[in-house]
Amino acid sequence: MRLDGGVTTPVPLTSLSHGAGCGCKLPAAELLPIVRDLPHSADPRLLVGSATSDDAAIFRVTDELALVQTIDFFTPLVDDPYDFGRIAAANALSDVYAMGGRPLTAMNIVAFPLERLGGDVLRDILRGGLDVVAAAGASLVGGHSIDDAEPKYGLAVTGVVDPRALVTNAGGRVGDALVLTKPLGVGAIVTARKRGAADDDVLAAAVEVMTALNDTASEAALAAGAHAMTDVIGFGLLGHLRNLARESGVAAEVVAAAVPAIDGVPELLSDDDAVSGGSRRNGDYASDFTTFAGDVPDWRRRLVADATTSGGLLVAVAPECAGAIPGAVVGRLVDGEAGTIVVR
């Protein structure tokens, strides 16, 4: 909150944010070479580390138990503090579900201008996060905060998984169907909203998508015998599919017309006005490994690069089992140069 001539007036959270949600991630093309140059742990108990660009780390404790550890936080993409907290929490928890795990505990990560925005706004953000963590059956056990002119919120999450049953981004097989469990377009909606071009109903649809947990989708994917999984967030469908295909040693095909979009998104992406900076960077990055058929509409090219926040799971599974997973079959894994994608 801000005192203005003795009258308390709200400060929109997004007005203090240089980016929106996962769209404020560092560009993949610049970040990945930096991370790859760092030394990797040789501890044999580390089953999944940073080398494979997976969603979370997996550390074996016993033959039957491994820890799933992840951290995720970002700047506001909506002005409602409670919704911001819910979205950030669902997004962080998703990494555990993408590994086939179950979240146990979470810790708050807070960067916040307390003097400017006031305690009530922060309380609502934290309440939103707490409610989603509780809905996931996990416990919020503490956290850390710093003063920052730009608000940021997220969670560090610890979960568990049976190391014999975990699902990584590296197990995809030629012939697997690709199932996407949530529609795309969040990045376009929040960008358009910030520019005054998206109405309340469209924003509400995006919030509903972002606050939905990926627990049910993960359980269905495991029951269907998923070979590989990842969640689709800041690097867009193409960026995250790139990681899955590359680590699985295969190529991928995407059927553009099969990729689901939130209602209202096709209109928003009819031109570049709703394309965020993060989505634009995703498109530039994907141009190095993606080929589009000539008849793919421009708005769908923008959609598959949309910088998503708290998106769905992308599951590689035997085609005969794909119908058991809630979502849309958007393509398949094929023979070819590892990590390359054709959109047709």
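**Exercise 1.** In this predicted model, find the buried residues of helix α7 (residues 215-223) and work out where they sit around the helix.

*Solution.* Start with the list: A217, S218, A220 and A221 are the buried residues of α7. Next, look down the axis. These residues cover an arc of only 165 degrees, so they end up on the same side of α7. That fits a handy rule: with 3.6 residues a turn, residues three or four places apart in an α-helix point the same way. Now flip to the face turned away from the buried side, where you'll meet the exposed residues E219 and A223.

**Exercise 2.** Which elements do the buried residues of α7 pack against, and what does the backbone do at G225?

*Solution.* Trace the contacts out from the buried residues of α7: they pack against α2 (81-98), β10 and β13. Then step just past the end of α7, and you'll hit G225, which has a positive phi of about 80 degrees.

**Exercise 3.** Take strand β10 (residues 228-231) and check each of its faces: buried or exposed?

*Solution.* Go one side at a time. A228 and T230 share one side and are buried. M229 and D231 are on the other, and they're buried too, so to speak a strand covered on both faces. Now find a partner: β10 pairs with strand β13 (residues 313-317) in the antiparallel sense, over four bridges. To get your bearings, look across from T230 and you'll see L314 of β13.

**Exercise 4.** Repeat the helix analysis for α10 (residues 277-286).

*Solution.* The buried residues here are G278, S279, N282, Y285 and A286. They cover an arc of only 120 degrees around the axis, which puts them on the same side of α10.

Terms used
Residues numbered from 1 in each chain as written. Predicted model: local features only at pLDDT ≥ 70, side-chain atom pairs only at ≥ 80, totals over all residues. Heavy atoms only, no water. Buried < 20%, exposed > 50% of the residue type's maximum accessible area, 1.4 Å probe, protein only. Helix = DSSP H or I, 4+ residues; strand = E, 2+ residues; numbered from the N terminus. Arc of directions from axis to C-beta. Pairing = 2+ DSSP bridges. Contact = heavy atoms within 4.5 Å.
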